[in-house]
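Here is a walk through one protein chain, taken a few residues at a time. Keep the sequence and the 3D view side by side as you read.

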Amino acid sequence: VASAANLQGKQVSVFEANSRAMCRVASPLTSNFVRNRMASAGVMFYFNASVNQILTEGDRVSGIRLSDGTTKPADVVVIGIGAIPNAELAQDANLDCDGGIIVDSGIR
């Protein structure tokens, strides 16, 4: 969603409660690649940042408040809760898994 909005010329900020993007579903190498690619296109990333409140003016979103009290303006807020990989089939096949199938640098 962030990438699509960015490609349409929108200012995009991603607030992630964890220390890196997509940490539950992607390796550090993959998430760092995606973050760097998106950051080079102008997407701003804020890690270890928990959104506590969506701010409004009338019936419209006006921003967010983080757990540390910081506020950021916003016209649109998209909430993504991520995904949990289903590695059951891989585990049944005795593949090495740790939150997903473990692969080497050649993705084997």
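Start with N32, which is partly exposed, because its relative accessible area is 29% and the partly exposed class lies between 20% and 50%. Bear in mind throughout that this is a predicted model. N32 belongs to helix α2, which covers residues 28-40. Its side chain makes a polar contact with the side chain of R35, at 3.4 Å. N32 also comes close to A21 in space: their C-alpha atoms are 7.4 Å apart. Along the chain, 11 residues separate the two.

Now turn to the sheet. Three strands form an open sheet in the order β3-β4-β5, and the pairing is antiparallel. The edge strands are β3, residues 51-57, and β5, residues 71-73. Each of these edge strands pairs on one side only. From one strand to the next, the twist averages 30°. As a general point, strands of a sheet pair through backbone hydrogen bonds, either parallel or antiparallel.

Look at one pairing in detail. Strand β4 spans residues 60-66, and six bridges join it to β3. These two strands run antiparallel. For a landmark across the pair, find I54: it stands opposite I64 in β4.

Next come the aromatic rings. How many aromatic pairs are there? The count is two. One pair is F15 with Y46: the ring centres are 4.7 Å apart and the planes meet at 10°, so this pair is stacked. The cut-off for stacking is an angle under 30 degrees. F15 sits in strand β1, residues 13-16, and Y46 sits in strand β2, residues 44-47. The pair therefore ties together parts that are 31 residues apart in sequence. Are these two rings' residues buried, exposed or in between? F15 is partly exposed, with a relative accessible area of 22%. Y46 is also partly exposed, at 25%.

F45 and F47 form an aromatic pair that is stacked as well. Here the distance is 5.8 Å centre to centre, with 10° between the planes. The two partners fall into separate classes of exposure. F45 has 17% relative accessibility, so it counts as buried, since the limit for that class is under 20%. F47, at 24%, is partly exposed.

F45 leads on to the core. Which residues make up the largest nonpolar core? There are five: A2, V12, M38, V43 and F45. In soluble globular proteins, nonpolar side chains tend to be buried together. Follow A2 a little further. Leaving aside neighbours within four places in sequence, A2 is in contact with V12, V14 and M38.

Finish with two backbone angles. Most residues other than glycine have a negative phi. N48 is not a glycine, yet it has a positive phi of about 55°. N48 is placed in the loop between β2 and β3. Its relative accessibility is 56%, so N48 counts as exposed; the class begins over 50%.

N94 is the other case to look at. Its phi is positive too, near 60°, and N94 is a residue other than glycine. Find N94 in the segment after α3, the helix of residues 88-92. N94 is exposed, with a relative accessible area of 69%.

Note on methods
Residues are numbered from 1 along each chain as its sequence is written. This is a predicted model: local features need pLDDT of at least 70, side-chain atom pairs count only at pLDDT 80 or more; totals for chains, interfaces and linings use all residues. Side-chain values use heavy atoms; hydrogens and water are left out. Two strands pair if DSSP finds at least two bridges between them. Helices (H or I, at least four residues) and strands (E, at least two) are DSSP runs, numbered from the N terminus. Axes are lines fitted to C-alpha atoms, for helices over the stretch in contact, and angles run from 0 to 180 degrees between N-to-C directions. Rings of Phe, Tyr and Trp (its six-membered ring) pair if their centres lie within 6.5 Å; planes under 30 degrees apart count as stacked, over 60 as edge-to-face and the rest as tilted. Buried means under 20% relative accessible area, exposed over 50%, partly exposed in between (1.4 Å probe, protein chains only). A nonpolar core is a set of buried Ala, Val, Leu, Ile, Met, Phe, Trp, Tyr and Cys residues joined through side-chain atoms within 4.5 Å. Contact means heavy atoms within 4.5 Å. A polar contact is a pair of N or O atoms within 3.5 Å; within protein, one must be able to donate a hydrogen and the other to accept it, and residues adjacent in sequence count only if both atoms are side-chain atoms.
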